[in-house]
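Work through the exercises below with the sequence and the structure at hand. Each task is followed by a stepwise solution.

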Amino acid sequence: MDREERESCYKNFIKVFGEDTQYVFAIEEMSELTKELCKYFRAKGNSEKLEKVKKDIIEETADVLICAETLRLMFGGKEVDEMIEYKIKRGQKRCEEKRLNLK
Ligand SMILES: [Mg+2]
């Protein structure tokens with residue numbers, strides 16, 4: 001599924017479920033990812049539990065990304081993309097500053 005097909009699905013989610021439901025979905029999914037990340041720390045040292053938590057983190061990360069893409073369409077894809085560019089560039093600058101300070 002390419003980006004265009006995904007966007008078509010997200011637009012359909014918004015149309016069918018409504019914008020208010022998308023806010024609730026996003027809050028729920030972010031909460032689920034938060035919970036799994038907390039479990040990840042507790043599972044360290046237990047390889048069986050760790051594998052299960054990793055699978056759950058993958059699932060919840062996918063859920064959060066779907067919700068984030070839906071919110072992106074609702075609030076303005078261009079503006080969100082511009083903010084992503086700004087934040088990535090800022091992050092790169094901070095990485096470079098940190099790298100220079102470590103020398
Ligand atoms: Mg979920």
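**Exercise 1.** In this predicted model, compare the expected span of helix α1 (residues 3-17) with the distance between its end C-alpha atoms.

Solution. Helix α1 has 15 residues. The expected span is 1.5 Å times one less than the number of residues, so α1 should span 21 Å. The end C-alpha atoms of α1 are 21 Å apart, which agrees with that value. Just after α1 comes Gly18, with a positive phi of about 90°.

**Exercise 2.** Describe how α1 and helix α3 (residues 47-75) are arranged, and list the residues that make the contact.

Solution. Two packed helices are described by the angle between their axes and the distance between the axes. For α1 and α3, the axes come within 9 Å and the crossing angle is roughly 75°. Angles of 65 to 115 degrees count as roughly perpendicular, and α1 and α3 are therefore roughly perpendicular to each other. On the α1 side, the contact is made by Arg6, Glu7, Tyr10, Lys11, Phe13 and Ile14; α3 contributes Glu69, Thr70, Leu73 and Met74. By class, these residues are 5 nonpolar, 1 polar and 4 charged.

**Exercise 3.** Do the same for α3 and helix α4 (residues 77-102).

Solution. The axes of α3 and α4 come within 6 Å, crossing at roughly 120°. An angle over 115 but not over 145 degrees falls outside the perpendicular and antiparallel ranges, and α3 and α4 are therefore oblique to each other. Arg72, Leu73 and Phe75 of α3 meet Gly77, Glu79 and Val80 of α4. This contact of α3 with α4 divides into 3 nonpolar, 1 polar and 2 charged residues.

Conventions: Residues numbered from 1 in each chain as written. Predicted model: local features only at pLDDT ≥ 70, side-chain atom pairs only at ≥ 80, totals over all residues. Helix = DSSP H or I, 4+ residues; strand = E, 2+ residues; numbered from the N terminus. Axes fitted to C-alpha atoms, helices over the stretch in contact; angles between N-to-C directions. Parallel < 35°, antiparallel > 145°, perpendicular 65-115°, else oblique. Contact = placed C-beta atoms within 7 Å. Nonpolar A, V, L, I, M, F, W, Y, C, P; charged D, E, K, R; others polar.
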